[in-house]
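Ready for some practice in reading a protein structure? Keep the sequence and the 3D view open, try each task yourself, and then compare your steps with the worked solution.

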Amino acid sequence: MENPFQLEFHSLLEKADKIRHSKWGKKVFFVRNLHLNYTNICVSHCKFCAFAKNKNEDGSYNMTPDDAVKYVSQKGSDACEIHIVGGLHPDYPFEYYIDMVHALKTNFPEKTIKAFSAVEIDYFSRISGKSISEVLEALKKAGVEMMPGGGAEIFAGHVRKQICPEKIPASRWLEIHETAHNTGLTTNATMLYGHLENDDDKFQHLLLLRELQEKSLSRGLTGFSAFIPLSFQPDDTFLHGKFHATGIEDIRTISCARIVLENIPHIKSYWVMLGHKTAQTALRAGADDLDGTIVKENIAYAAGKNTDNAMTAEQLVFMVKSAGMVAVERDSFYREVKIYG
């Protein structure tokens with residue numbers, strides 16, 4: 001297909017917005033969700049990550065399953081989704097993750113558990129000796145209902161070697177998500193941009209996601225429900241001092257994603273990394289989802305992100321309405337909970 005990154009800016013936005021409108025009209029979705037980052041202790045220290053710590057390092061922490069239950073009780077009373085990701089802890093056995101998910105689902109059966117990136121799933125496979133399919137089946141049995149899209153970063157090998165050589169390669173990330181789809185799990189997909197990649201790297205990344213989605217849909221599977229472009233936060237990373245992605249680059253990337261990923265239903269405008277104003281503008285450039293209330297986001301903020309780390313439903317509704325759109329509160333599977341007329 002034609003590379004949309006080569007389109008003139010206004011033509012690009014117009015084309016992306018037309019696709020968005022054909023799918024969702026004026027609807028913009030959001031969810032009441034809670035991020036739970038159970039530990040920042042990690043055996044990998046990816047160069048772009050400011051979140052990871054060593055054991056006993058100042059600022060390091062880890063949660064027990066009971067801690068996780070207490071955290072959700074205190075912070076997530078109105079959340080319908082618990083979004084769980086964390087570091088690769090050197091000491092936790094696979095049973096720890098099973099126990100945490102089971103404890104959360106037992107105590108909060110009404111909440112959807114969206115848990116563990118492909119990088120974490122690969123790690124669980126290595127520490128348990130189980131196949132990817134066996135790991136996913138065990139997590140499903142414990143209560144996991146969806147997978148987030150983290151760990152994709154950028155698929156281009158020459159860039160991946162510079163920013164995250166410790167992480168699984170692109171082929172492994174795609175394999176794990178394909179296995180998750182075959183297991184019956186809906187997943188999300190991401191792309192980290194604004195660091196060392198170029199437009200062609202981004203285009204090729206999107207094409208690989210499109211290809212996997214086509215494969216999953218051809219088998220009658222849900223596949224990816226949403227794509228989230230993640231704007232790189234350089235502060236406190238090995239690229240400290242690099243300028244952040246501009247508003248134009250943010251909008252171009254979202255618009256191109258909407259065009260290339262026409263077979264993925266939703267494109268998120270992730271306000272945590274974009275900031276409120278750019279996130280709102282993206283709603284007229286291809287994005288149809290603002291993610292959610294989040295309550296407390298840790299990973300982007302470790303790299304110095306200076307927007308709020310939580311928003312209320314009322315703030316999200318205001319953002320949508322003032323963009324001339326209709327706010328729709330949803331659940332994790334995009335079933336409509338409430339329309340704010």
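Which residue in S10 is the bridge partner of Lys 27?

**Solution.** Please keep in mind that this is a predicted model. Start at strand S1, which covers residues 27-31 and pairs with S10 in the parallel sense over 5 bridges. Now look across from Lys 27: its bridge partner in S10 is Val 326.

**Exercise 2.** Find the order of the strands in the open sheet of 4 strands, and name its edge strands.

**Solution.**
1. The order is S9-S1-S10-S11, and the pairing is mixed.
2. You have already met the parallel pair, S1 and S10. For the antiparallel sense, look at S10 (residues 326-330) and S11 (residues 336-340), which pair over 4 bridges. In this pair, Ala 327 stands opposite Tyr 340.
3. The edge strands are S9 (289-292) and S11, as each of them pairs on one side only.
4. Ignoring direction, neighbouring strands here are turned by 25° against each other on average.

A general reminder: strands of a sheet pair through backbone hydrogen bonds, either parallel or antiparallel.

**Exercise 3.** Describe the turn between S10 and S11.

**Solution.** S10 and S11 form a hairpin, with 5 residues between them. Within the turn, find Tyr 334, which has a positive phi of about 65°. Next, look at the ring of Tyr 334: the charged end of Arg 330 sits over it, 4.1 Å from the ring centre.

**Exercise 4.** Work out the layout of the open sheet of 7 strands, and find which of its strands helix H7 touches.

**Solution.**
1. The strands follow the order S2-S3-S4-S5-S6-S7-S8, with parallel pairing.
2. The edge strands are S2 (33-36) and S8 (266-267), each pairing on one side only.
3. At the S8 edge, 2 bridges join S8 to S7 (residues 224-231). Here Phe 227 stands opposite Ile 267 in S8.
4. Helix H7 (residues 170-182) packs on this sheet and touches S5 (144-147), S6 (186-193) and S7. The direction of H7 makes about 160° with that of S6.
5. H7 has 13 residues and reaches 18 Å from its first C-alpha to its last, close to the 18 Å expected.
6. Among the buried residues of H7 are Trp 173, Leu 174, Ile 176 and His 177.
7. After H7 comes Gly 184, with a positive phi near 100°.

**Exercise 5.** Why is the pair of Tyr 92 and Tyr 97 edge-to-face?

**Solution.**
1. In general, a pair of aromatic rings is described by the distance of the centres and the angle of the planes.
2. For Tyr 92 and Tyr 97, the centres are 6.2 Å apart and the planes stand at 75°. Planes over 60 degrees apart count as edge-to-face, so this pair earns that name.
3. Are these two residues buried or exposed? Tyr 92 is buried, with a relative accessible area of 13%, and Tyr 97 is buried, with 0%.
4. Tyr 97 also pairs with Phe 124, and this pair is tilted, with 4.2 Å centre to centre and 35° between the planes.
5. Tyr 97 lies in helix H3 (residues 94-107) and Phe 124 in helix H4 (residues 118-128), so the pair ties together parts that are 27 residues apart in sequence.
6. Now zoom out: Tyr 92, Tyr 97 and Phe 124 belong to one aromatic cluster that also includes Tyr 38, Phe 94, Tyr 96 and Phe 116. The structure holds 15 aromatic pairs.

Conventions:
Residues are numbered from 1 along each chain as its sequence is written. This is a predicted model: local features need pLDDT of at least 70, side-chain atom pairs count only at pLDDT 80 or more; totals for chains, interfaces and linings use all residues. Side-chain values use heavy atoms; hydrogens and water are left out. Two strands pair if DSSP finds at least two bridges between them. Contact means heavy atoms within 4.5 Å. Axes are lines fitted to C-alpha atoms, for helices over the stretch in contact, and angles run from 0 to 180 degrees between N-to-C directions. The expected span of a helix is 1.5 Å times one less than its number of residues. Buried means under 20% relative accessible area, exposed over 50%, partly exposed in between (1.4 Å probe, protein chains only). Rings of Phe, Tyr and Trp (its six-membered ring) pair if their centres lie within 6.5 Å; planes under 30 degrees apart count as stacked, over 60 as edge-to-face and the rest as tilted. A charge sits over a ring if NZ of Lys or CZ of Arg is within 6 Å of the ring centre and within 35 degrees of the ring normal.
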